[in-house]
Amino acid sequence: MANTKKHLGSRLPEDAVELAGRRAADLKMPVGDYVASLIRADAEGLRRRAMSSAERFLADHQALFDEAEDPAGSTGKGIRAA
């Protein structure tokens, strides 16, 4: 990913701006970099939760997938999983 930066104008509650400024100062980083790190962490968390949900779905339904793909147990009817 390129390290170019773009300006983003947004309106935030004053207390949120103050908190972001203090936290960024604690971390010795610019406020914009701090906000970007929060966005990245949120997006990664969403990805992680989606992958976890997909893994649980597959585990919960593995027997059905196995049955659909098992030609030995097949009567020749039905559909095969891709």
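**View A. Asp 33, partly exposed at a relative accessible area of 28%, in the predicted model.** The side chain of Asp 33 meets that of Lys 5 in a salt bridge, with an N to O distance of 3.0 Å. This pair links distant parts of the chain, its two members being 28 residues apart. Lys 5 belongs to the segment before α1 (14-26), whereas Asp 33 sits in helix α2 (residues 31-60). Lys 5 is exposed, its relative accessible area being 63%. Asp 33 is classed as partly exposed because its value of 28% falls between the limits of 20% for buried and 50% for exposed residues. The count of salt bridges comes to one.

**View B. Helix α1 and the residue Lys 28 that follows it.** Helix α1 has 13 residues. From its first C-alpha to its last, α1 reaches 18 Å, which is close to the 18 Å expected at 1.5 Å a residue. Lys 28 lies in the loop between α1 and α2. The phi of Lys 28 is positive, at about 55°, although the residue is not a glycine. Most residues other than glycine have a negative phi. Lys 28 counts as exposed because its relative accessibility is 75%, over the 50% limit.

**View C. A nonpolar patch on the surface, formed by Val 31, Val 35 and Ile 39.** Together, the three residues have about 230 Å² of accessible area. Val 31 lies in helix α2. With a relative accessible area of 40%, Val 31 is partly exposed. That value admits Val 31 on accessibility, because patches are made of residues with over 30% relative accessible area.

**View D. A patch of negative charge on the surface, where Asp 66, Glu 67, Glu 69 and Asp 70 gather.** One of these residues, Asp 66, is found in helix α3, which covers residues 62-69. Asp 66 is partly exposed, having a relative accessible area of 40%. Asp 66 therefore passes on accessibility, since the patch limit is over 30%.

**View E. The chain as a setting for the close-up views, with three helices and zero strands.** Along the sequence, the elements follow the pattern α-α-α. Of the 82 residues in the chain, 5% are buried. The chain exposes about 7600 Å². Carbon and sulfur atoms supply 59% of this exposed area. Several sites shown above can be placed on this framework: Lys 28 in the loop between α1 and α2, Val 31 in helix α2, and Asp 66 in helix α3. The salt bridge between Lys 5 and Asp 33 joins the segment before α1 to helix α2.

Methods:
Residues are numbered from 1 along each chain as its sequence is written. This is a predicted model: local features need pLDDT of at least 70, side-chain atom pairs count only at pLDDT 80 or more; totals for chains, interfaces and linings use all residues. Side-chain values use heavy atoms; hydrogens and water are left out. Patches are made of residues with over 30% relative accessible area and no salt bridge: like charges are joined within 9 Å, nonpolar side chains (Val, Leu, Ile, Met, Phe, Trp, Tyr) within 5 Å. Accessible areas come from the Shrake-Rupley method with a 1.4 Å probe; for residues, only the protein chains shown count as cover. A salt bridge is a side-chain nitrogen of Lys or Arg within 4 Å of a carboxyl oxygen of Asp or Glu. Lys and Arg count as positive and Asp and Glu as negative; His and the chain ends are not counted. The place of a charge is taken as NZ of Lys, CZ of Arg, CG of Asp or CD of Glu. Helices (H or I, at least four residues) and strands (E, at least two) are DSSP runs, numbered from the N terminus. Buried means under 20% relative accessible area, exposed over 50%, partly exposed in between (1.4 Å probe, protein chains only). The expected span of a helix is 1.5 Å times one less than its number of residues.
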